[in-house]
Amino acid sequence: MKKYYARHLEATPQWAVFRAKTPSATITAYTSGKVLFQGNAPETEVKKWAEAGTTSGKQTKKSVQHNYNPPPDFLTSNHIGSDESGTGDYFGPVTTCAVYVKEEQIELLKEMGIQDSKAITDDNIELLSTALIEMEIPYSLMILHNEKYNHLQQQGWSQGKMKAMLHDACLKNVQQKIAGAPSEGMLIDQFCQPEIYIRHLGTENRRLDAQTYFMTKAEHYSIAVAAASVLARASFLREMDRLSDWINVPLRKGASKQVDQLIAEIIRKHGRDVLPNIAKVHFANTKKADKFL
Ligand code: MN
């Protein structure tokens, strides 16, 4: 982090590793390992580290609550929910999905075992995904393949922006599909502060629809988001199988050290040029794989 803020460093206070000041925040890192973000828009800086998967616990003094919580009764009414999969995995695409659920389907979906996809085994994900599709539940699924992902990343798109555009596209597709059907609105499984999501949309001349809401861990509360998480996950797993067949190596999920070793194995077999077709090459894993070559 100190390296990252090298151009913004200020005098280091006692017990601190460094202090940096950016236009949006003052960042103080302590020897205890805690990092404090203060200032007029600390979430801008917090987000950079949250996306990198390095945050833990309380790090911001300013409250990160927002005004985009769904209204009372929303979760038990007709609504659309969206979620994504594959964002933390080195190999494979990012998949997103939005699903429309009718009030009278909520109980049935719960009984079927629709829940947060992270709580379901890969085999059951496939079964539940098939069941949802057979129910003809309105949904929209999008796959951001690695070639396109890497291209956008090189154009300066953050993963957050990619996710925002994908969620937006899926939600709007479902809205069109169900035109006229009753809906209390759309719930997004929150992956960044709503203001940042809205800013991402704005950079591509899109706007947030009225009745769009955000909740963290929304798949635990909304059956529509849970169903979207299942369909997105099933699609990600199928893509991983397809890519594994294509390269003739079983690809690993996640971004662990074993992934680093696997990258090295793939480079030895097929060369580096194959990576943009199967992986999110900006992940630190690409460099870490060099140790195993
Ligand atoms: Mn999610």
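I would like to begin with one residue, Cys-170, which counts as buried at 0% relative accessibility. Please keep in mind throughout that this is a predicted model, and that the values I quote are computed from it.

Cys-170 is in no disulfide, and the nearest cysteine sulfur, that of Cys-97, is 6.2 Å away. Cys-97 is buried as well, with a relative accessible area of 1%. How many disulfides does a search of the whole structure find? The search finds zero, and since a disulfide is taken here as a pair of cysteine sulfur atoms within 2.5 Å, the 6.2 Å between the sulfurs of Cys-97 and Cys-170 leaves Cys-97 in no disulfide.

Let me turn to helix α5, which runs over residues 159–177 and has 19 residues. From its first C-alpha to its last, α5 reaches 27 Å, which is close to the 27 Å expected at 1.5 Å a residue. Of these 19 residues, 14 are buried, so the helix is largely enclosed by the rest of the structure.

Helix α5 comes up again when we look at the empty space in the model. A search of the whole structure finds one cavity of 30 Å³ or more, and the largest cavity has a volume of about 40 Å³. Its lining includes Asp-168, Leu-171 and Lys-172, together with Met-186, Ile-188, Tyr-197, Leu-208, Asp-209 and Thr-212. The elements that give two or more residues to this lining are α5 and β8, and the largest share, three residues, comes from α5. Sorted by class, the lining of the largest cavity has five nonpolar, one polar and three charged residues.

The second largest pocket, with a volume of about 200 Å³, also draws on this helix. Which elements give two or more residues to the lining of the second largest pocket? They are β7 (139–144), α4 (146–154) and α5, and here again the largest share, four residues, comes from α5. Among the residues that line this pocket are Met-142, Leu-144, Leu-152, Trp-157, Met-162, Met-165 and Ala-169, and the lining also includes Lys-148, Glu-204 and Arg-206. By class, the lining of the second largest pocket has nine nonpolar, no polar and three charged residues.

Next, the metal site. The manganese ion is coordinated by Asp-83 and Asp-189, each through an OD atom, at 2.0 to 2.2 Å. Asp-83 lies in strand β5 (residues 79–85) and Asp-189 in strand β8 (residues 186–189), so the pair ties together parts that are 106 residues apart in sequence. Are these two aspartates buried or exposed? Both Asp-83 and Asp-189 are buried. You will recall strand β8 from the cavity, where it gives two or more residues to the lining.

Finally, I would point out two residues in the backbone of one loop, the one between α6 (194–203) and β9 (212–215). Asn-205 sits in that loop and has a positive phi of about 55° although it is not a glycine. Gln-211 is found in the loop between α6 and β9 too, and its phi is near 60°, again a positive value in a residue other than glycine. As for their surroundings, Asn-205 is exposed, with a relative accessible area of 75%, whereas Gln-211 is partly exposed, with a relative accessible area of 42%.

Terms used:
Residues are numbered from 1 along each chain as its sequence is written. This is a predicted model: local features need pLDDT of at least 70, side-chain atom pairs count only at pLDDT 80 or more; totals for chains, interfaces and linings use all residues. Side-chain values use heavy atoms; hydrogens and water are left out. Donors are N, O and S atoms within 2.8 Å of the metal (3.2 Å for Na, K and Ca); water is not among the atoms, so sites may look incomplete. Buried means under 20% relative accessible area, exposed over 50%, partly exposed in between (1.4 Å probe, protein chains only). The expected span of a helix is 1.5 Å times one less than its number of residues. On a 1 Å grid over the protein atoms alone, a cavity is a set of points where a 1.4 Å probe fits but cannot get out, and a pocket is an open set with protein on both sides within 12 Å along at least five of seven lines; lining residues have an atom within 4 Å of a point. Grid points are joined across faces, edges and corners, and a volume is the space filled by probe spheres set on the points. Ala, Val, Leu, Ile, Met, Phe, Trp, Tyr, Cys and Pro count as nonpolar, Asp, Glu, Lys and Arg as charged, and the others, Gly among them, as polar.
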